[in-house]
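Got the viewer open? Load the model, colour it however you like, and follow along stop by stop.

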Amino acid sequence: MPHAETAGVEATPRTRLRWWTELPLILLVYACYSAGRLLARGDVSHAVDHGLAILDIEKALHLNAEHPLNRLFTSEPWLGVPADFWYASLHYLVTPALLVWIFRSRTVRYRAARTWLMTSTFIGLIGFTLLPTCPPRLLAESYGFVDTMAQYSSYGWWGGEASAPRGLGGMTNQYAAMPSLHVGWALWCGVVLWRYGGTRLTKVAAVAYPLITTIVVMGTANHYFLDAAAGAAVMGVGLLLTPYVLRTADRVRALFGAEAAPVATAGTASGGRVAKGTRETVTVASDNASSSNVSGGCQTSAGERIPRQRESRIGSGAEPSASPKDAGDGAPAPAR
């Protein structure tokens with residue numbers, strides 16, 4: 001008996017998962033994510049105010065690590081250029097690769113892990129909509145941040161406006177900084193690698209990938225530390241909601257499946273029983289056969305419709321002959 005889902009990365013009952021249905025679903029979710037980021041632009045002045053408020057909170061809590069990291073990445077190209085490649089590329093590569101890996105080698109875990117990732121992504125879209133935030137790199141120069149993506153744009157395929165391909169920066173929402181789904185997705189990858197990798201190398205990668213991603217998003221001035229913390233929190237909420245999302249999806253699937261199921265035949269309904277599976281069908285047939293051979297508490301033989309039918313046909317005390325014509329109505333006909 002399959003176990004119920006208890007967490008976003010726990011096993012779920014085996015279902016028929018096909019890549020040609022999973023791929024369009026994932027592409028649809030990513031399209032919704034991209035469209036949501038694009039539409040949730042908000043007021044630029046409010047986005048700047050939110051960014052400055054986050055910066056003030058971090059300074060009050062002594063969490064302002066963005067400035068030293070950004071100065072380091074700006075002054076050291078051997079750190080800044082790989083960091084820009086990391087920020088602009090890996091979330092497009094590592095996350096889908098791990099989805100494919102789970103789908104192929106950990107099928108029973110795939111549905112829960114995929115649902116956790118998608119649920120958290122939609123929660124992140126809510127954050128982009130309600131709290132548009134100006135990233136550090138777009139603040140005025142007086143705040144001391146340098147946009148490393150613009151500084152090293154000649155090294156990579158991205159442009160100076162965002163991590164989008166050169167010339168397409170206007171098609172992205174640069175104020176969708178809170179929460180940081182770069183960090184959130186990296187954390188998802190880390191959990192998946194830690195739980196299912198099985199080797200020491202994968203466990204090291206499970207810790208290093210989200211940690212380095214957090215450093216990169218701050219050093220490149222694309223996110224504040226609190227953006228990264230919010231990205232981790234979003235993944236935590238998504239993990240808690242995943243079992244409920246899975247159960248709701250199962251109920252919806254069962255509801256539509258019940259409506260599409262064929263109605264029971266009239267003969268089965270009149271018999272007062274509904275056969276459920278092969279075993280119950282055999283039971284119903286057996287019960288019907290038994291009821292046809294029992295009448296008024298008297299046992300009848302196969303081929304007899306009335307108790308003691310054979311006695312009345314062959315007479316009292318007489319033995320039945322071997323001739324087929326003296327056998328009951330159910331006897332087989334003689335071979336020809």
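## Starting at a loop

Select A221, which sits in the loop between α8 and α9; helices here are DSSP runs of H or I with at least four residues, strands are runs of E with at least two, and both are numbered from the N terminus. Is A221 buried or exposed? A221 is buried, at a relative accessible area of 0%. For these labels, buried means under 20% relative accessible area, exposed means over 50%, and partly exposed is in between, using a 1.4 Å probe and protein chains only. Check the backbone too: phi of A221 is positive, about 65 degrees, although the residue is not a glycine.

Before moving on, note that this is a predicted model, where local features need pLDDT of at least 70 and side-chain atom pairs count only at pLDDT 80 or more, while totals for chains, interfaces and linings use all residues. Residues are numbered from 1 along each chain as its sequence is written, and side-chain values use heavy atoms, with hydrogens and water left out.

## More backbone oddities

Jump to H62, in the loop between α2 (44–60) and α3. H62 also has a positive phi, near 55 degrees, without being a glycine. At 73% relative accessibility, H62 counts as exposed.

Now pick M178 and P179: the peptide bond from M178 to P179 is cis, with omega near 0 degrees. P179 belongs to the loop between α6 and α7. As background, most residues other than glycine have a negative phi, and most peptide bonds are trans.

## Zoom out

Switch to cartoon for the whole chain. You should find 12 helices and two strands, running from the N terminus as α-α-α-α-α-α-α-α-α-α-α-β-β-α. Of the 336 residues, 36% count as buried. The chain exposes about 19,400 Å², with carbon and sulfur atoms supplying 64% of that; accessible areas come from the Shrake-Rupley method with a 1.4 Å probe, and for residues only the protein chains shown count as cover. Taking contacts (heavy atoms within 4.5 Å) between residues at least 6 apart in sequence, 77% join residues at least 24 apart.

## Two helices crossing

Show α3 (residues 66–75) and α8 (residues 200–219). Their axes come within 8 Å and cross at roughly 80 degrees; axes are lines fitted to C-alpha atoms, for helices over the stretch in contact, and angles run from 0 to 180 degrees between N-to-C directions. That makes α3 roughly perpendicular to α8, on a scale where under 35 degrees is roughly parallel, over 145 roughly antiparallel, 65 to 115 roughly perpendicular and the rest oblique. Which residues make the contact? On the α3 side, show E66, L69, N70 and F73; on the α8 side, I215, V216, M218 and G219.

## Salt bridges

How many salt bridges does a search of the whole structure find? There are three, each a side-chain nitrogen of Lys or Arg within 4 Å of a carboxyl oxygen of Asp or Glu.

Begin with D250 and R111, whose side chains meet at 2.6 Å, N to O. D250 is in helix α9 (residues 225–260) and R111 in helix α5 (residues 107–130), so this pair ties together parts 139 residues apart in sequence. R111 is buried at 4% relative accessibility, whereas D250 is partly exposed at 28%.

Keep D250 selected and add R253, which forms a salt bridge with D250 at 3.0 Å, N to O. D250 and R253 are three residues apart in helix α9, so about one helical turn separates them. R253 is partly exposed at 49%. Shared partners join R111, D250 and R253 into one network.

Next, go to D147 and R137, where the closest N and O atoms of the salt bridge are 3.3 Å apart. Both lie in the loop between α5 and α6, so the pair ties together parts 10 residues apart in sequence. D147 and R137 are buried.

## Last stops

While you have helix α5 in view, select I123. I123 touches V234, V237, G238 and L241, leaving out residues up to four places away in sequence. I123 and V237 are 114 residues apart in sequence, with C-alpha atoms 8.4 Å apart.

Finish on W157, in the loop between α6 (148–151) and α7 (181–196). W157 is partly exposed at 33% relative accessibility. Add F85, Y92, L93 and Y155, and with W157 you have a nonpolar surface patch of about 510 Å² accessible area together. Patches take residues with over 30% relative accessible area and no salt bridge, joining like charges within 9 Å and nonpolar side chains (Val, Leu, Ile, Met, Phe, Trp, Tyr) within 5 Å.
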